[in-house]
Amino acid sequence: MPDPLSDVPVAHWPLFGLRLHCDDVHLRPVREHDLPLLTELQPHDYEHDPSAPAVPGEELAEHRRRLVYQGYWRSLGTWSPASWCLDFAVEHDGTIVGVQSLEAADFLDLRTVDSGSWLVESARGRGIGIAMRTAVLALAFDHLGALAAVTSARSDNAASLGVSRHVGYRDNGVSLNQSGRGLVELAHMRLTAEEWRASGAGGRVTVSGVDPCRRWFGLSSAH
């Protein structure tokens, strides 16, 4: 049976036409037909929202698969120029190796974006994580007019925090969060537009397909 969303014209949902390229890493929006693969690829250490309720009798693997589908549908179904979440499939050597998200709440007022991501284990430690984060930051700062980017990770997640520091984020405090297995400490980080531009990292990124999407982010043809 054909995937109904694979035939949605980009003119009707222009976000599907976005393409980001950083070095040899390529990002495109996740589509419906990607979901079965993503449910299998998601690494065991990727943490979903611990507050997401489980279906009675549901095993952990089923729960994690369901949340991938629901997260995708929720992002599409609740999109607004003020608050949105865009998930990108990350491709390297022609293969999907992870997902990089870019999201915002009250974007038109706060001009602040957040991000999240995961990579398959075989793709880690090769600079792919840095490239995919750099790509979405270029979209946010250089094309959407963001003023700041924030991110959070468990204090013991050295890999994620290392990517953030490499890209230029600065420490921005800590907090406690319920993980589903007890309290964990989250480290928060922040990057400003001025710091981003001073780094010159945007020169590594090519972004296409933005112009038809500007209205979807509440922007005029020139932000």
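A salt bridge here is a side-chain nitrogen of Lys or Arg within 4 Å of a carboxyl oxygen of Asp or Glu. Keep that handy; the model you're looking at is predicted.

**Exercise 1.** Work out how many salt bridges the structure holds, and which residues Arg28 pairs with.

*Solution.* Start with the total: there are seven salt bridges. Now go to Arg28. Its side chain meets that of Asp34, N to O, at 2.9 Å. Arg28 also bridges to Glu91, with the closest N and O atoms 2.9 Å apart. That second pair ties together distant parts of the chain, since Glu91 sits in strand 3 and Arg28 in strand 2, 63 residues apart.

**Exercise 2.** Sort Arg28, Asp34 and Glu91 into buried or partly exposed.

*Solution.* Buried means under 20% relative accessible area. Arg28 comes in at 16%, so call it buried. Asp34 has just 5%, so it is buried too. Glu91 reaches 21%, which makes it partly exposed.

**Exercise 3.** Take the salt bridge between Arg214 and Asp211: which partner is buried, and which is exposed?

*Solution.* First, the contact: the closest N and O atoms are 3.3 Å apart. Next, Arg214 has 10% relative accessibility, so it's the buried one. Asp211, at 57%, is exposed.

**Exercise 4.** Find where Asp23 and Asp93 sit, and check their phi angles.

*Solution.* Asp23 is in the loop between strand 1 (19-22) and strand 2 (25-29). Its phi is positive, about 55 degrees, though it isn't a glycine. Asp93 lies in the loop between strand 3 (84-92) and strand 4 (95-104). Phi is positive for Asp93 as well, at about 55 degrees, and this residue is no glycine either.

Key: Residues are numbered from 1 along each chain as its sequence is written. This is a predicted model: local features need pLDDT of at least 70, side-chain atom pairs count only at pLDDT 80 or more; totals for chains, interfaces and linings use all residues. Side-chain values use heavy atoms; hydrogens and water are left out. Helices (H or I, at least four residues) and strands (E, at least two) are DSSP runs, numbered from the N terminus. Buried means under 20% relative accessible area, exposed over 50%, partly exposed in between (1.4 Å probe, protein chains only).
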